[in-house]
Amino acid sequence: MSTLPERANQTTAEQPWPVRVLSMKIADYVDKMSGLWVEGQVVQLNRRPGAGLAFLVLRDPDVDMSLSVTLPTQVLDRLPTPLADGARVVVQAKPTFWTRRGTLQLEGRQVRAVGVGELLARLEHLKSVLRAEGLFDAARKRPLPFLPRRVGLVCGRASQAEHDVVENARRRWPAVDFEIRRVAVQGASAVAEVSAAVRELDAMGDVDVIVVARGGGAVEDLLPFSNEALVRVVADCLTPVVSAIGHHEDTPLLDHVADWRASTPTDAGKRVVPDLAEQRRTVSVASERLERAIRSYVDRERRGLSALLSRPVMADPTTLVTQRRHEITRLVDRATRRVESTVQRDRARLEGVAGRLRTLSPLGTLERGYAVVQHEDGSVVTGREDVAPAELLRVRVSDGDFGVTVLG
């Protein structure tokens, strides 16, 4: 018979471990673990008095992980308050591995309930951490849409919160459309279910606002809405989120990280959509105001037009042309008279100058019986010695000229 490998990394396809060997080795490894204290939420509590044992599932409050726990019933009987599903507890236990079924579980030895005061102290610490990260800053808050295409609603199954949100929203805006996710809003599965619903609605392109609603409750019931995992899911949303937990005394951390906090689900229903009647009144008032403004403008323009039409030029459109015609005629007459006067004055001056020119000109002298004698080259004969016998001279008189010959 072949020898089995001692270590897991020595196994091969030819030399594997049987299931029993692996189970025993896991059990030996787990058995070496020390006892420890672990915290979680109690779910599926089941007593078996005949066996003297109680079985429960201890669930992580933040993520979907759990472990089975066995406890002696006398441990539960010693608790001052009976243990119930959803309770937060710390358990002292020893991890064990059941080789027959291949399951890991905890053998409980002590149980202590986590008090409300301790939980609230933890929440205060978590609040300070989240505030320091800036998750509560007003600058991160996004405005809610005026009229969302679709409203996402996360609420309990068959809850009054759903009725309050939907009915009040539809009273204000009857055509509002809802995308509803009904989930557990308390207990061990609340954080996972609410977180998944918020992520799903945030991924829908036509959901413009998400309402997370619950109709109040005890402090312990509202703990899921202060869970860090859920708070961070809401902080990462791209869609505006309204927190409508409806608890006045204590404020869940969801209220701080949400974009808007509604005091109740009813208040959320009134906030996510506008009031149709109020919008109609607003439109009516605006229409009346616009109508008055238009009427006032038309009346003012009509009065101005009437004033223009009452002017003489508009009463008789030819008045302006007639006035301009008379003015042009007057200006033309004035210009004509001025030109005529100037012409007459210049004519008289020219006639005077012409008379003087005629008196002083050679032609005037010739008309008085004088003549001008010129050589053939045109030079004027000024004396007897300028001419020679038989020379041909030219004589100019007032009405023409003629030639003469010098005789001697």
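**Exercise 1. The five-stranded sheet**

Take the open sheet of five strands, ordered S7-S6-S8-S9-S10 with parallel pairing, and find which strands stand at its edges.

*Solution.* Before we start: this is a predicted model, where local features need pLDDT of at least 70 and side-chain atom pairs count only at pLDDT 80 or more, while totals for chains, interfaces and linings use all residues. Residues are numbered from 1 along each chain as its sequence is written, and side-chain values use heavy atoms, with hydrogens and water left out.

Step 1. Get the labels straight: helices (H or I, at least four residues) and strands (E, at least two) are DSSP runs, numbered from the N terminus. Two strands pair if DSSP finds at least two bridges between them.

Step 2. Look for strands with a single partner. Those are S7 (178-183) and S10 (260-261), so each has one side without a neighbour in the sheet.

Step 3. Zoom in on S7. Strand S6 (residues 151-156) runs parallel to S7, and six bridges join them. One to find on screen: Gly 152 has Glu 179 in S7 as its bridge partner.

Step 4. Add the helix. H4 (residues 160-172) packs on this sheet and touches S6, S7 and S8; contact here means heavy atoms within 4.5 Å. The direction of H4 makes about 170° with that of S7 (axes are lines fitted to C-alpha atoms, for helices over the stretch in contact, and angles run from 0 to 180 degrees between N-to-C directions).

**Exercise 2. Following the charges**

Starting from Arg 150, trace which residues its salt-bridge network joins.

*Solution.* Step 1. Know what counts: a salt bridge is a side-chain nitrogen of Lys or Arg within 4 Å of a carboxyl oxygen of Asp or Glu. Side chains of opposite charge can pair when their charged atoms come close. The whole structure has 21 salt bridges.

Step 2. Go from Arg 150 to Glu 179: their side chains meet at 2.9 Å, N to O. Arg 150 sits in the loop between H3 and S6 and Glu 179 in strand S7, so the pair ties together parts 29 residues apart in sequence.

Step 3. Try the other direction. Asp 206 also forms a salt bridge with Arg 150, at 3.5 Å, N to O. Asp 206 is in the loop between H5 and S8, and this pair is 56 residues apart.

Step 4. Carry on from Glu 179, whose side chain meets that of Arg 181 in a salt bridge of 2.9 Å, N to O. Both of these residues are buried, and Glu 179 has a relative accessible area of 17%. Asp 206 is partly exposed, at 27%. (Buried means under 20% relative accessible area, exposed over 50%, partly exposed in between, with a 1.4 Å probe and protein chains only.)

Step 5. Put it together: through shared partners, Arg 150, Asp 177, Glu 179, Arg 181, Glu 200 and Asp 206 form one network.

**Exercise 3. The largest core**

Which elements give two or more residues to the largest nonpolar core?

*Solution.* Step 1. A nonpolar core is a set of buried Ala, Val, Leu, Ile, Met, Phe, Trp, Tyr and Cys residues joined through side-chain atoms within 4.5 Å. The largest one has 29 residues, and Val 154, Val 212 and Val 257 have the most contacts inside it.

Step 2. List the elements: helices H3 (116-132), H5 (190-202), H6 (228-235) and H7 (253-257), plus strand S8 (209-213).

Step 3. Check Val 257. Leaving out residues up to four places away in sequence, Val 257 touches Leu 135, Phe 136, Arg 140, Lys 141, Val 231, Val 234 and Ala 235. In H6, Val 231, Val 234 and Ala 235 are among the buried residues.

**Exercise 4. A small sheet and a histidine**

Is His 375 buried or exposed, and what does its side chain pair with?

*Solution.* Step 1. Locate it: His 375 is in the loop between S11 and S12. These strands belong to an open antiparallel sheet of three, in the order S11-S12-S13. S11 (372-374) and S13 (400-405) are its edge strands.

Step 2. Look next door: Gln 374 has Arg 394 in S12 as its bridge partner.

Step 3. Check the accessible area: His 375 is at 14%, so it's buried.

Step 4. Find the partner: a polar contact of 2.6 Å joins the side chains of His 375 and Glu 391. (A polar contact is a pair of N or O atoms within 3.5 Å; within protein, one must be able to donate a hydrogen and the other to accept it, and residues adjacent in sequence count only if both atoms are side-chain atoms.)
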